[in-house]
Structures are given as C-alpha cells and as structure tokens.
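This briefing goes through one protein chain, topic by topic. Please keep the sequence and the 3D view at hand while reading.

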Amino acid sequence: QLAEKLGVSRTPIREAIRKLELEGLVLMIPRKGAEVAKISEKSLRDVLEVRRSLEELAIELACQRMTDEEIEQLGERQNDFKNAMNIAETDEAFHDVIYLGTGNDKLVQILNNLREQMYRYRLEYIKDEDKRQILIVEHEHILAAIKARNIAEAKNAAREHIDNQEITVSKNIKEQEDIMPVRGRGRR
C-alpha cells in the first residue's frame, strides 16, 4: 500500500523498513508487517549509554579543536535555540556545531547514524515545555565550558545534559506504562 501510495516499487520500501528495523525503530511482525517500536527503558538506556560516551569524546575534541568562528557559531545556535519554535531541530543544530568542531569525520558519521535513534528520545524529552528553560541552561553551561576550553567542565555539562534526558524520558515511559493497562481494560 505504501509503495502504491508513494508511486515507487516495493524494493525501496522494503529496504527502508529493514533499515528502520536494524536501527530498532520498527518491529517486523510475521504475517502482519511493520510496526513502530515502542520506546522502552532498555532501548533508552542503550542509546544514551552510547551517546554519553560519544558526546564526551566529541566535547573533548571540540574543546581542543574548535576555532573561534566555530565557537561563535555555537553561540549563534544557542541563541536560535532560545527563540525557536522547533526545539528538536535547533537542539540538533547546536550539537551539530560541536560534532563538526571535532574535525573527526568518523565520529561525526557515527553520531549522525545514532541521530535517528536519539531523535525519538529527544522529542519525548522536550515535549514538556518546562524542559526548555533547563535545556537553555544546560546548553549555556556546555557553551561556556567549550569557550573556556575546559574539557572536564564541558564533559560534566554534557553528561548532566544527557543524564537529565534519561531521567525525564524514563519517567515518561513509566507513566505511559501505568496508563496503558488502564486504557486496555476499559475497552474490553
């Protein structure tokens, strides 16, 4: 149906679904097809463990290698973030400046590959409007540490940023799990 609707053959649709399945975003159900994978605490933890390590490496390299122009650009992305309507995209843009500032193409590639898996957790984190102010403060902390080229402080700020995401999204997952059984019983 999707191939027909998009006016393409089935092959690219199958390949796209396989890629999504490999990334853990889709589950293949025999004789039914593809289903969007639910967000679980384990998948959250798995993704954020990898992100935490890669971000710390990126922060360390960015502190050492970012030019003054790139640091200025990071400040501009932070200002964009403060005024943005689409928080997820401007949050990604902020982190992209850091990634590119590492000068490490392989690290940037790996982080970009992880981006799709992180995006759904990023959306879950920022859906709560009061998180915006917290994110602004966290970004300011990261920016100030990078400007000062203080690797230890920058790593701590990045770790805190990711830890807060994990705490909030994990709480949201638990709340959703508590709600789901109630909804299921009401329909029977």
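Phe-81 counts as buried, because its relative accessibility is 0% and buried means under 20% relative accessible area. The model shown here is predicted. The points below start from Phe-81 in helix H4, then turn to a pair of helices, a cavity, some single residues and the chain as a whole.

**Phe-81 and its surroundings**

- Phe-81 has its place in helix H4.
- Leaving aside neighbours within four places in sequence, Phe-81 is in contact with Ile-87, Thr-90 and Asp-91, and also with Arg-132, Leu-135, Ile-136 and His-139.
- One of these partners, Arg-132, is 51 residues away from Phe-81 in sequence. In space, the two are 9.1 Å apart, C-alpha to C-alpha.
- Ala-84 is found in the loop between helix H4, residues 68-83, and H5.
- Ala-84 counts as buried because its relative accessibility is 10%.
- Not counting residues up to four places away in sequence, Ala-84 touches Thr-90 and Arg-132. Thr-90 and Arg-132 are also among the contacts of Phe-81.

**Helices H5 and H7**

- Two packed helices are described by the angle between their axes and the distance between the axes.
- Helix H5 covers residues 87-101 and helix H7 covers residues 131-147. The two pack at an angle of about 10 degrees, and their axes are 12 Å apart.
- Angles under 35 degrees count as roughly parallel, so H5 is roughly parallel to H7.
- On the H5 side, the residues that meet H7 are Ile-87, Asp-91, Phe-94, His-95 and Ile-98.
- On the H7 side, the residues are Arg-132, Leu-135, His-139, Ile-142 and Ile-146.
- The residues of this contact divide into six nonpolar, two polar and two charged.
- Ile-87 and Asp-91 from H5, and Arg-132, Leu-135 and His-139 from H7, take part in the contact of the two helices. These residues are also among the contacts of Phe-81.

**The cavity**

- How many cavities of 30 Å³ or more does the structure hold? The structure holds one.
- About 50 Å³ of space lies in the largest cavity.
- The largest cavity is lined by Arg-51, Asp-91, Arg-122, Tyr-125, Ile-126, Leu-135, His-161 and Gln-165.
- Helix H6, residues 105-126, and helix H8, residues 151-187, are the elements that give two or more residues to this lining.
- H6 gives the most to the lining, with three residues.
- By type, the lining residues divide into three nonpolar, two polar and three charged.
- Two of the lining residues, Asp-91 and Leu-135, also belong to the contact of H5 with H7.

**Arg-51, a residue of the lining**

- Arg-51 is found in helix H3, residues 41-65.
- Is Arg-51 buried or exposed? Arg-51 is buried, because its relative accessible area is 2%.
- Leaving aside neighbours within four places in sequence, Arg-51 is in contact with His-95, Leu-114, Met-118, Arg-122, His-161, Ile-162 and Gln-165.
- Arg-122, His-161 and Gln-165, which are among these partners, line the largest cavity as well.

**Partly exposed residues**

- Arg-159 is found in helix H8. Arg-159 is partly exposed, with a relative accessible area of 28%.
- Leaving aside neighbours within four places in sequence, Arg-159 is in contact with Arg-52 and Glu-56.
- Arg-159 and Ile-142 are 17 residues apart along the chain, and their C-alpha atoms are separated by 9.9 Å.
- Arg-149 is found in the loop between H7 and H8. Arg-149 is not a glycine, although it has a positive phi of about 55 degrees.
- At 32% relative accessibility, Arg-149 counts as partly exposed.
- Gln-73 lies in helix H4 and counts as partly exposed at 33% relative accessibility.
- Gln-73 and Ala-16 are 57 residues apart in sequence. Their C-alpha atoms are 34 Å apart in space.

**The chain as a whole**

- The chain has eight helices and two strands. Along the sequence, the pattern is α-α-β-β-α-α-α-α-α-α.
- Of the 188 residues of the chain, 38% count as buried.
- The C-alpha atoms fill a box of roughly 60 × 40 × 30 Å, taken along the principal axes.
- Among contacts in the chain with a separation of 6 or more, 72% are between residues 24 or more positions apart.

How values were computed: Residues numbered from 1 in each chain as written. Predicted model: local features only at pLDDT ≥ 70, side-chain atom pairs only at ≥ 80, totals over all residues. Heavy atoms only, no water. Axes fitted to C-alpha atoms, helices over the stretch in contact; angles between N-to-C directions. Helix = DSSP H or I, 4+ residues; strand = E, 2+ residues; numbered from the N terminus. Parallel < 35°, antiparallel > 145°, perpendicular 65-115°, else oblique. Contact = heavy atoms within 4.5 Å. Nonpolar A, V, L, I, M, F, W, Y, C, P; charged D, E, K, R; others polar. Buried < 20%, exposed > 50% of the residue type's maximum accessible area, 1.4 Å probe, protein only. 1 Å grid on protein atoms, 1.4 Å probe; cavity = no way out; pocket = protein on both sides within 12 Å on 5 of 7 lines; lining within 4 Å. Points joined across faces, edges and corners; volume = space filled by probe spheres on them.
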